[in-house]
Amino acid sequence: MREALGADPPGLLERLRAGDARAFEELVIAYQHRVFGVALRMLGSRAEAEEIAQEVFLRAYRAIGEFRGEARLGTWLYGIASRLCLNRLASPDRRLARGDEALADVAAPTPDAAIAAERAELDAALRAAIAGLPEDRRLVLVLRDVEGLSYEEIAETLAIDPGTVRSRLHRARLQLKEKLERFA
Amino acid sequence: MTCTETRDLFSVLADDALTPAERAALDAHLAGCADCRRELVAFGRTVALVRAIDPAHAPAGFVDRVLAAARPEPWPRWLARRLSAPWPTLPLGAAALLLIAGLAVLLFRASPEQQQTARDQSAPPGPAAPAPSRETAPSGVSDSREADASRDAGASATATREVAPAAPPAARAPEPPARAGDVEVAKNRLEQAAPATKSAETSVEPTTPARDAPPAEPRAMTDRQSVAPSTALEGRRANGDSIATDTAKASRLRQDAAPLSRTGPMTGILAAPPDVTAQLRAADVSVAERSLIELAGRLGGRQTGRRIDGGRVVVELAVPREAYAQFVREATALGPLSLEQQTTDRLLLSVAVTVSN
């Protein structure tokens, strides 16, 4: 799980609004992995995730003037990323054969072949189980258990109330548990 | 508390967000219910599995690609892309320019009338003057506007304008060496849109481009922003090129240029003293240099410059603060490394590494 989101880098928002040449670059550097991460886990393809992640930052670049600072920059970017991912997933022309790469880097390499094989099987099952979750639950699960956001941050990101976050997350985890039962 | 109520709290328990009252009720139920205890173990294992997934890292070069896509494409780069479109690489495009210039010289020599005209014209150039002067204009203003105008006008109009200076030779210095110089300038501009390119390239001292750069940078940035970024993007999409292709080409173009001449955000880094000064000793300097650049790229940063200082190579890198510790760990593996760090709150650290053997 990623480290906590934390507060915005001090002064970054003000510098972004003032058109500081380096502020946008710093924004991309600071949040590139998070934005790419949520897109990768939702879409399953590195190429598609990069495309969406780029679009997230381009939208942020264009819309920074309208950003009122009610949310943090981090949750704002996660929010744009989440919407773009859900839109992409809902688009009819999206190919179905995606998802193989989503968790490709889950497993740490292990020297023991038997353990590695077992681990690979578990990873495949985990990958399939996550990919099989309904998208709104998958998004909350990814934001919480992979990206490390708190309930409040997820609520802010997705503009839903914390109770909804809690119930979606719980259903997602229960569903995963059932699918992974045989590995218990 | 029932089993269902208990199990509904497992998620909140996993996130350590139970109220003391909930916690007490849960513990009381679990103490007397083996089924729920088993369920809790399985639930906890599932959550742990998901949390063990490594956070993804954006691919190397991602930041550069975003920055390239966010800013309107400067017209020389746009022209370079146009010229190189039928061919796979830029050098062929540049070769085409050379060929055109060469032909112009031949035509000029073959035409006594034109030579006579040239002798008559001791005054500054006439009709072709605006184009060359635009080429050397240091301001970002005209460049940005030209970029839009060029895009609107379409390929043929721009091509005509760019080739024009070579076609009526009388307007320009007629000697072949001067012609070659022009082509060189044009080639440089194809590779780089930076207003301060020339001064940066010719200097090996970091302070010189740094002094030159700051006045140009804020203006250029403002101008780039004043042009709606969406226009550039949509325009390029309309051209049928994907962003990925464009940015790949753009980064190839940048790689062709001397590192010190890189534009945009680079200039800001050069303008400031490095946050970290490091000395790396390595058996093979060029291998160590390449490894450092590759390392910075892999960690979400990149090379910002290169110079020779007292016969030793100094590689200038931008390294994200969050990846700095990792950078030091991996750089140490390349050879003995000594570091001198300054306190800074910048997210992107400027690191100058002197490599020697």
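Two strands are said to pair if DSSP finds at least two bridges between them, and that idea will help with the hairpin described further down. Welcome to this predicted model, in which 42 residues of chain B are in contact with 42 residues of chain A. The tour below begins with that interface, moves to a helix of chain A, and ends in chain B.

**Where the chains meet**

- On chain B, the side that touches chain A draws at least two residues from each of α2 (10-14), α4, α5 (62-70), α14 (207-226), α15 (229-238) and α17 (265-271).
- Helix α4(B) gives the largest share of that side, with eight residues.
- Sorted by class, the side of chain B that touches chain A holds 27 nonpolar, eight polar and seven charged residues.

**Helix α6 of chain A**

- Helix α6 of chain A spans residues 135-146 and is mostly covered, with ten of its twelve residues buried.
- Among the buried residues of α6(A) are A:Arg137, A:Arg138 and A:Arg144, along with A:Asp145.
- Leucines and valines are on the buried list too, including A:Leu139, A:Val140, A:Leu141 and A:Val142.
- The cover over these buried residues comes from both chains: it includes α2 (21-43), α4 (73-90), α5 (113-131), α7 (151-158) and α8 (162-179) of chain A, together with α4 (34-51) of chain B.
- Just past the end of α6(A), A:Gly148 adopts a positive phi of about 75°.

**Chain B as a whole**

- Chain B contains 19 helices and five strands.
- Of its 357 residues, 35% are buried.
- Taking contacts in chain B between residues at least 6 apart in sequence, 77% link residues at least 24 apart.

**A closer look at B:Glu39**

- B:Glu39 sits in helix α4 of chain B.
- B:Glu39 counts as partly exposed because it has 18 C-beta neighbours inside 10 Å, whereas a buried residue needs 20 or more.
- B:Arg7 is 32 residues away from B:Glu39 along the chain, yet their C-alpha atoms are separated by 7.8 Å.

**Strand β3 of chain B and its partners**

- Strand β3 of chain B, residues 312-320, is mostly covered, and seven of its nine residues are buried.
- Strand β2(B), residues 302-309, runs antiparallel to β3(B) and is joined to it by seven bridges.
- One of the bridge pairs here matches B:Arg307 with B:Val314.
- Two residues lie between the strands of the β2(B) and β3(B) hairpin, where B:Gly310 has a positive phi near 60°.
- β3(B) also pairs with strand β5(B), residues 348-356, in the antiparallel sense over eight bridges.
- In that pairing, B:Leu317 stands opposite B:Val351 of β5(B).

Technical notes:
Residues are numbered from 1 along each chain as its sequence is written. Chains are lettered from A and ligands numbered from 1 in the order in which they are written. This is a predicted model: local features need pLDDT of at least 70, side-chain atom pairs count only at pLDDT 80 or more; totals for chains, interfaces and linings use all residues. Helices (H or I, at least four residues) and strands (E, at least two) are DSSP runs, numbered from the N terminus. Two residues are in contact if their C-beta atoms, placed from the backbone, lie within 7 Å. Ala, Val, Leu, Ile, Met, Phe, Trp, Tyr, Cys and Pro count as nonpolar, Asp, Glu, Lys and Arg as charged, and the others, Gly among them, as polar.
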